[in-house]
Amino acid sequence: MVTYILSFLPLSDQKEASLVSRAWYCAAQIALREASVQYNIPVSSASLPAIKSLGLRGITCISLTNLDGSPASLQVLRSVTHHLGPHLQSLCLGGGSPTEASFVALILGCPALRILDLSGCNSLFTSGMLLAQPETAQQVQQALSGLRELSLASLRDLADLSFNRLSSCAPCLERLSLAYCHLTFQLGPAWGTIGPQDSSPSQLSFRNLLRFLKERAGRLHALDLSGTGLPPEALRALGQVAGLQLQELSLHSCRDLSTEAVAALCHQQPGLTSLDLSGCNSLFTSGMLLAQPETAQQVQQALSGLRELSLASLRPGRPQLQPAQQLCPCLGASPWPTATSPSS
């Protein structure tokens, strides 16, 4: 009962209440943990009472499942906006199919968002007209002024124009995921030299992403390009972005990467604390990663701050892992992630 009552109080009052007794301290800790839990809400009329209850408890993190353009979904979105919107900090619509109008209305009702997950929400980008109206874009920018993390993973229809419109509404973005999006790569020195007016309305290009990274280099510190088919030349260009100081980089299943490109990236981005090379088997099958002593020493020095190295698709004891294990003794990072490695 005490935990339930404390969940209605702001954080400062919860801290004061925790000093009353040991029991109240424990209750305040439980209430604090509950506030950061993500609640999965099925989109149906049966969820409306639960949404109201979560709103009364000040819940800040939710995920909406089975979202579409039906009347029931619109009713749920209106309820979320009314009861949860003012204090909602994390919103996941992953895999849903909201209409553009309902999405905009939802975002405008959630001015405190810090995390937004639109993975697989292809319906928002099919027309290419999301946020095409300047007045709508301006309103959304005001609502997303505090957004720190944006996931646009697995979006088959995401293009330069729609990406630029949405990302421009989040000027404080620190973490971005484009995992498993279809990136196009045009080799040559012109990478990143285009302006917004040259953005493609039908393709998501790497040169447009480079332009974005150059603009946000001083703030963006986490990037997920897993499954995008990133070639070695693109990885080198990414590492060379002036002022970019990545702390986390995921390249899961980027199967065309070269050992030279990864070594160059490690040297160019010495601030990395988390690196995901899961599924990049080409780096290890030849046994040449870090085979040169000079290269190994440079990489180890550059990654002195690495705390997490993921090689999920490789198994301990395999010959190709011997070079990869050279990284770990010097870095204090375990190469074996919590994910289960597939059997051979």
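**Exercise 1.** Determine how helices α8 and α9 are oriented to each other in this predicted model.

*Solution.* Helices α8 and α9 run roughly parallel to each other. The reasoning starts from the axes: those of α8 (residues 160-168) and α9 (residues 206-215) come within 10 Å and cross at roughly 15°. Angles under 35 degrees count as roughly parallel, and the classification therefore follows. As to handedness, the crossing in which α8 passes α9 is right-handed.

**Exercise 2.** Identify the residues through which α8 and α9 meet, and sort them by class.

*Solution.* From α8, the participants are Asp160, Phe163, Asn164 and Ser167. They meet Asn208, Arg211 and Phe212 of α9. Sorted by class, this contact comprises two nonpolar, three polar and two charged residues.

**Exercise 3.** Trace the open sheet and find its edge strands.

*Solution.* The sheet has 10 strands with parallel pairing, in the order β1-β2-β3-β4-β5-β6-β9-β10-β11-β12. At the edges stand β1 (39-42) and β12 (308-310); each has a single partner strand, so one side of each lacks a neighbour in the sheet. On average, neighbouring strands are turned by 5° against each other, direction ignored.

Within this order, β9 (residues 222-224) pairs with β10 (residues 248-250) in the parallel sense over three bridges. Aspartate 224 has serine 250 in β10 as its bridge partner.

**Exercise 4.** Assess the confidence of the prediction along the chain.

*Solution.* The mean pLDDT of the protein chain is 83, with 76% of its residues at 70 or more. Over residues 329-344, the pLDDT is below 50. Beyond near neighbours in sequence, this stretch nevertheless has 34 contacts in the model.

Definitions and conventions: Residues are numbered from 1 along each chain as its sequence is written. This is a predicted model: local features need pLDDT of at least 70, side-chain atom pairs count only at pLDDT 80 or more; totals for chains, interfaces and linings use all residues. Side-chain values use heavy atoms; hydrogens and water are left out. Axes are lines fitted to C-alpha atoms, for helices over the stretch in contact, and angles run from 0 to 180 degrees between N-to-C directions. Helices (H or I, at least four residues) and strands (E, at least two) are DSSP runs, numbered from the N terminus. Angles under 35 degrees count as roughly parallel, over 145 as roughly antiparallel, 65 to 115 as roughly perpendicular and the rest as oblique. A crossing is left-handed if the near helix is turned anticlockwise from the far one by less than a right angle, and right-handed if clockwise. Contact means heavy atoms within 4.5 Å. Ala, Val, Leu, Ile, Met, Phe, Trp, Tyr, Cys and Pro count as nonpolar, Asp, Glu, Lys and Arg as charged, and the others, Gly among them, as polar. pLDDT is the predictor's confidence in each residue, from 0 to 100. Two strands pair if DSSP finds at least two bridges between them.
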